[in-house]
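Open the model in your viewer and keep the selection panel at hand. Each stop below gives a selection and then what is there.

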Amino acid sequence: MSKRTNTSVVVVATAVALTATACGSGDDSSGGKDKPKIGFAISALNQPFMVQMKKGAEEEAKAQGAELSVQNASDDASQQANQVQNFTSQQVKSIIINPVDSDAAAPSVKAANNANIPVIAADRSVNKADVETTVASDNVAGGKKAAKEIAEQLDGKGEILILQGQTGTSASRERGKGFSEGLKKYPGIKVVAKQPADFQRTKGLDVTTNAMQSHPGIDAVFAENDEMALGAIKALGSKAGKSVKIVGFDGTPDAMKAVKKGTMNATVAQQPAELGKMAVRNAMRVIDGSSIDKQIKVPVEVVTKKNVDHFS
């Protein structure tokens with residue numbers, strides 16, 4: 001799962017090719033056949049990003065003539081394992097998993113493998129188990145872009161706080177890796193605090209509040225998702241976006257509003273609805289017996305006040 005497509009050109013070409021093939025599959029499925037059933041085990045639905053991914057998956061399933069069953073794990077890895085096992089016992093045609101924990105997901109995914117049910121990973125990878133493909137944003141590239149944006153906002157020097165996502169998720173690990181790699185180019189920037197806030201807005205608020213008390217000279221905050229960035233904005237009050245720069249990750253509607261308002265300086269925008277669509281599209285291709293790429297990367301882009309109107 002560590003290999004990645006390296007260019008946007010390949011990503012776009014892959015997406016176009018998959019779209020064309022998927023449209024053909026949708027046309028073929030209308031000949032009176034039973035709807036193929038796909039199980040979608042999603043990590044949580046308490047974040048706008050996940051809600052948009054679910055919506056995209058549902059829209060694509062309808063377009064493809066498939067029946068999509070969505071189960072919400074509410075950030076409980078044990079609950080998600082049970083949900084995947086239930087899908088396996090129901091003998092669904094394919095399972096899409098957005099793991100709560102990339103390691104904890106492995107046993108239930110292996111059980112699906114043993115039952116010859118193809119598994120698609122969405123947004124986050126599964127460790128130590130086989131999946132047909134991982135459909136995800138290029139999180140490492142996004143982390144590097146976030147580092148570059150913060151460096152430009154700070155003119156190459158300053159102290160920063162990093163708000164990490166949920167421990168054990170590939171998204172947090174990859175975004176953090178990309179950010180750290182990106183910062184190596186800017187020796188004048190120092191990370192003075194790095195703490196998990198579990199992708200949650202309230203925890204982002206609490207961690208930022210405590211960090212500012214310990215390190216009052218913090219000049220910028222990088223949050224590994226927009227919810228934590230929005231929590232940081234609340235903690236910083238009038239400093240947000242001004243004396244303390246804030247960069248998030250996801251491109252949610254609330255983040256776009258904050259960028260437009262100037263309380264958030266930038267967000268690395270994903271395409272959650274497209275992630276959901278691509279996951280279902282590839283599940284259908286596997287069901288139809290077609291081969292698919294092991295890694296499908298959906299591009300990300302930095303959104304600032306200069307280009308936010310284009311995205312929102």
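The tour goes from a sheet to its helices, then to a pocket, and ends at two residues. Keep in mind that this is a predicted model.

**Stop 1: the sheet**

Select strands β6 to β10 and add β12. Together they form an open sheet of six strands, in the order β7-β6-β8-β9-β10-β12. The pairing is mixed. Now look to the edges, where β7 (189–196) and β12 (301–303) stand. Each has a single partner strand, so one side of each has no neighbour in the sheet. From one strand to the next, the twist averages 20°.

Zoom in on β12 and its partner β10, residues 266–269. These two strands pair in the antiparallel sense, over three bridges. For one bridge pair, pick T267 and V303; V303 is the partner on the β12 side.

**Stop 2: helices across the sheet**

Select 139–153, which is helix α5. Helix α5 lies across β6 (158–164), β7, β8 (220–223), β9 (245–250), β10 and β12. Against β9, helix α5 runs at about 165°.

Next, select 170–183 for helix α6. Helix α6 lies across β6, β7, β8 and β9. Its angle to β6 is about 165°.

**Stop 3: the largest pocket**

Select G251, M256, A269, Q270 and F311. Of the 15 residues that line the largest pocket, these lie nearest its centre. Two elements give two or more residues to the lining: α9 (253–261) and α10 (272–287). The most come from α10, with three residues. The pocket volume is about 280 Å³. What is the make-up of the lining by nonpolar, polar and charged residues? Colour by residue type: eight are nonpolar, five polar and two charged.

**Stop 4: T88**

Move to helix α3, residues 77–89, and pick T88. Is T88 buried or exposed? Its relative accessibility is 12%, under the 20% cut-off, so T88 counts as buried. Show its contacts beyond four places in sequence: I95, A111, A112, A115 and I117.

**Stop 5: S125**

Finish in the loop between β4 (119–122) and β5 (133–137), where S125 is found. S125 is buried, at 7% relative accessible area. Draw a distance from its C-alpha atom to that of P99: the separation is 7.2 Å, with the two positions 26 residues apart along the chain. P99 is also one of the contacts of S125 beyond four places in sequence. The others are S102, T134, S170 and R173.

Notes
Residues are numbered from 1 along each chain as its sequence is written. This is a predicted model: local features need pLDDT of at least 70, side-chain atom pairs count only at pLDDT 80 or more; totals for chains, interfaces and linings use all residues. Side-chain values use heavy atoms; hydrogens and water are left out. On a 1 Å grid over the protein atoms alone, a cavity is a set of points where a 1.4 Å probe fits but cannot get out, and a pocket is an open set with protein on both sides within 12 Å along at least five of seven lines; lining residues have an atom within 4 Å of a point. Grid points are joined across faces, edges and corners, and a volume is the space filled by probe spheres set on the points. Helices (H or I, at least four residues) and strands (E, at least two) are DSSP runs, numbered from the N terminus. Ala, Val, Leu, Ile, Met, Phe, Trp, Tyr, Cys and Pro count as nonpolar, Asp, Glu, Lys and Arg as charged, and the others, Gly among them, as polar. Two strands pair if DSSP finds at least two bridges between them. Axes are lines fitted to C-alpha atoms, for helices over the stretch in contact, and angles run from 0 to 180 degrees between N-to-C directions. Contact means heavy atoms within 4.5 Å. Buried means under 20% relative accessible area, exposed over 50%, partly exposed in between (1.4 Å probe, protein chains only).
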